[in-house]
Amino acid sequence: MSDHSTPTPGPEASQPGAARRLAAVLLGLTAVVTLMLCAFALPGVHGGPHRVPIGVTGPQTAAQALQKTLDGDAWDVTVYESAEALTSAIKDRDITGGMALASGGVDVYTATAGAPMAGGALTALGNTVAAQQQAKATVHDLVPYPEDDPRGAGFAAAGLPMIFGGIFPAVILTRLFPGHAGLCIRLAGAVFFSLFAGAAATAFLQYATGSLAGDYWLTALGLTLGMAALSMTFIGLEALIGMAGIGIGAVVMMLLGNPLSGLGTGPYWLPSGWAAIGRLLPPGASGSLLRANAFFDGTGAAGPALVLTVWVVLGLALFLVADRRGARATRAGGAAKAPEPAGV
C-alpha cells in the first residue's frame, strides 16, 4: 500500500498573496501620511484673518472711512461711539479687538488670550494706520495670557493630551473589563476618569505652568466636560462596533479635531468652513470653553458647553444601543442553552 501525501505549498505559492497584502498596507500607510499632511499643513497654509470682528472709534468721519477701507474678507468692522464702548465689547467677546483714532495717535486694543493671532495682525494694522497719519500706535492688551506663560504655549499644547485622554481610557478599560458584562464598569470608569483628569489637568496648567487664569473650579468643570465628551464618545464607539470604533474616532479627532481646534491661533484664523467644523468637534469646543472660563470669566461659554454636552449624550446613546444589543444576545444565548423538558 503506497503512501500518498498532499504536498505542502512552498514559499513561492504564498508570494502573490503576500505581495498584494504588502502593496495594500503600503498604499494605506501612504494615504494616512498624506491625510495627516493635509490635516496639519493646510490650515497653516491657509491661515490668516477671516472676517475677524473688530471695532473702531474716534471722529465719526475718520472712523467710518476706516470701516469702509477695512471691511472685507479679512476684517468685519463695527463703529463704536467711544473707547469705553469699544473696550466693553472686547471684554464681552463681541469683537476681538479694535482701534481708537485720535489726533495724537492710534490706541490699539487687543485680547491676546482670546485671539492671539488676530491680536498680532490687528497690532500690525494699527501700526500701519498710525504711520499713515504720521502718528504713533499704542497697544493695550486687555486680556493677556498670564505672565508665567505670555505666549500661551501651555494652553496651545492642551489639544493632543485631551484627545489621548479620551482614547486611553477606552482602550485600557476595554482590556480590563471586556464584553457586555463589563460595559457599565467601562462607562463608570470613563465618567470618573473625566472628573479626575479634568481637575488634574487644570491644576497643572494653572498652578504648575501658570498657563491659565481665572477661577480654578469653573475651569476644571469645563475641562471635565471636554474630557467626558471625548472619553464617552470613544467608550460608546468601542461598545457598539469594537476597537474599530476607537480607530475611527481617533482618526476624526486627531486629523480634524486637533488641527482645526484653534487652540494656538484662536478663532477667525481659519477659513470659516474649517473653523466651524473645528468648533463642532470636541477638541475645538473644549478649547473654546477652556478659553472662555480661564480668561473671560465664563463669557462665551454657553455655545461650546452645549456642543460638548451633545457629544456626551451621543456617547451615552451609543452605549445604550450597545447595552441593549448585548442584553438581547445574552438572552438568546441563555435560551439556546436551556434544557428541553423531559418527555412523559
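The lining of the largest pocket in this predicted model comprises 17 nonpolar, eleven polar and five charged residues. The pocket itself has a volume of about 480 Å³. It is lined by 33 residues, and those closest to its centre are Arg93, Pro267, Tyr268, Arg279 and Ser288. Three elements contribute two or more residues each to this lining, namely α10 (272-280), α11 (282-295) and α12 (302-337). The greatest contribution is that of α11, which supplies four residues. Of the residues closest to the centre of the largest pocket, Arg279 falls within the range of α10 and Ser288 within that of α11.

The second largest pocket has a volume of about 230 Å³. Its lining consists of 13 residues, and Ala158, Pro161, Met162, Ala201 and Leu205 are located nearest its centre. At least two lining residues come from each of α6 (159-176), α7 (183-208) and α8 (216-241). The element giving the most to the lining of the second largest pocket is α7, with five residues. Among the residues nearest the centre, Pro161 and Met162 fall within the range of α6, and Ala201 and Leu205 within that of α7. In terms of class, eleven residues of this lining are nonpolar and two are polar, and none is charged. Charged residues are thus absent from the lining of the second largest pocket, whereas five are present in that of the largest pocket.

Definitions and conventions. Residues are numbered from 1 along each chain as its sequence is written. This is a predicted model: local features need pLDDT of at least 70, side-chain atom pairs count only at pLDDT 80 or more; totals for chains, interfaces and linings use all residues. Side-chain values use heavy atoms; hydrogens and water are left out. On a 1 Å grid over the protein atoms alone, a cavity is a set of points where a 1.4 Å probe fits but cannot get out, and a pocket is an open set with protein on both sides within 12 Å along at least five of seven lines; lining residues have an atom within 4 Å of a point. Grid points are joined across faces, edges and corners, and a volume is the space filled by probe spheres set on the points. Ala, Val, Leu, Ile, Met, Phe, Trp, Tyr, Cys and Pro count as nonpolar, Asp, Glu, Lys and Arg as charged, and the others, Gly among them, as polar.
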